[in-house]
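I opened this model to look up its sheet, its burial pattern and its pocket. My notes follow in the order I worked.

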Amino acid sequence: MLLPTEPTKATNDPARLKILLYGKAKVGKSTWAAGAPKTLFLATEPGLGAIECYQVPIGNWTDLREAFVLLKSGGHGFETVVIDTIGNAYRMAREAAIAEYNAAHRGVP
């Protein structure tokens with residue numbers, strides 16, 4: 001590992017930014033995200049029925065990891081990926097880690 005010798009340049013290019021959108025249910029977060037260029041939803045819950053979009057149903061951490069591998073491999077044409085919802089993705093990751101490491105879980109629900 002090398003320590004940096006220059007600061008990282010800031011970007012104003014929206015295509016290079018990561019966005020976490022937070023708000024109450026049904027205020028239009030997914031509808032807003034669907035307006036981004038070439039969007040793919042990784043849907044960890046049902047609820048996109050009112051939006052015409054590309055979506056992959058995600059039922060567990062294995063599904064989500066498989067989607068990440070496919071996206072990383074390229075050649076798909078998607079420019080924006082939306083995890084809807086990140087809270088469910090976090091729960092899936094936590095449950096998979098607890099199961100894999102046979103861990104006892106205390107604390108965050």
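Before placing any loop I fixed the terms: helices (H or I, at least four residues) and strands (E, at least two) are DSSP runs, numbered from the N terminus. The model is predicted.

**Entry 1: a loop position.** I looked up Gly59 first. Gly59 sits in the loop between strand 2 and helix 2. Is Gly59 buried or exposed? Its relative accessibility is 56%, so Gly59 counts as exposed; the cut-off for exposed is over 50%. I also checked Gly59 against Pro4, 55 residues away along the chain. Their C-alpha atoms are separated by 40 Å.

**Entry 2: the sheet.** I then turned to the strands. In what order do the three strands form the open sheet? I read the order as 2-1-3, with parallel pairing. Strand 2 (54-57) and strand 3 are at the edges with a single partner strand each, so one side of each has no neighbour in the sheet. On average, neighbouring strands are turned by 20° against each other, direction ignored.

I listed the pairings next. Strand 1 (residues 39-43) and strand 3 run parallel and share five bridges. Strand 1 and strand 2 are also parallel, joined by four bridges. Leu40 has a partner on either hand: Val81 stands opposite in strand 3, and Tyr54 stands opposite in strand 2. Phe41 faces Val82 of strand 3. Leu42 stands opposite Val56 of strand 2.

Then I looked for what covers the sheet. Helix 2 (residues 61-73) packs on the sheet and touches strand 1, strand 2 and strand 3. The direction of helix 2 makes about 160° with that of strand 1.

**Entry 3: burial along the strands.** How many residues of strand 1 are buried? I found five of the five, so strand 1 is largely enclosed by the rest of the structure. Both of its faces are covered. Thr39, Phe41 and Ala43 lie on one side, Leu40 and Leu42 on the other, and all are buried.

Strand 3 (residues 80-84) reads otherwise, with side chains that alternate. Thr80, Val82 and Asp84 point to one face and are buried. Val81 and Ile83 point to the other face and are not buried.

**Entry 4: Ser30.** I picked Ser30 in helix 1 (residues 29-34). Why does Ser30 count as buried? Its relative accessible area is 17%, and buried means under 20%. Which residues does Ser30 contact, leaving aside neighbours within four places in sequence? I noted Phe41, Leu48, Ile51 and Asp84. Phe41 and Asp84 tie this entry to the strands: Phe41 is one of the buried residues of strand 1, and Asp84 is on the buried face of strand 3.

**Entry 5: the largest pocket.** I finished with the open space. The largest pocket has a volume of about 1400 Å³. It is lined by 36 residues, and the closest to its centre are Ile19, Leu21, Ala33, Val82 and Ile83. Which elements give two or more residues to the lining? They are helix 1 and strand 3. I sorted the lining by class: 22 residues are nonpolar, seven are polar and seven are charged.

Note on methods. Residues numbered from 1 in each chain as written. Predicted model: local features only at pLDDT ≥ 70, side-chain atom pairs only at ≥ 80, totals over all residues. Heavy atoms only, no water. Buried < 20%, exposed > 50% of the residue type's maximum accessible area, 1.4 Å probe, protein only. Pairing = 2+ DSSP bridges. Axes fitted to C-alpha atoms, helices over the stretch in contact; angles between N-to-C directions. Contact = heavy atoms within 4.5 Å. 1 Å grid on protein atoms, 1.4 Å probe; cavity = no way out; pocket = protein on both sides within 12 Å on 5 of 7 lines; lining within 4 Å. Points joined across faces, edges and corners; volume = space filled by probe spheres on them. Nonpolar A, V, L, I, M, F, W, Y, C, P; charged D, E, K, R; others polar.
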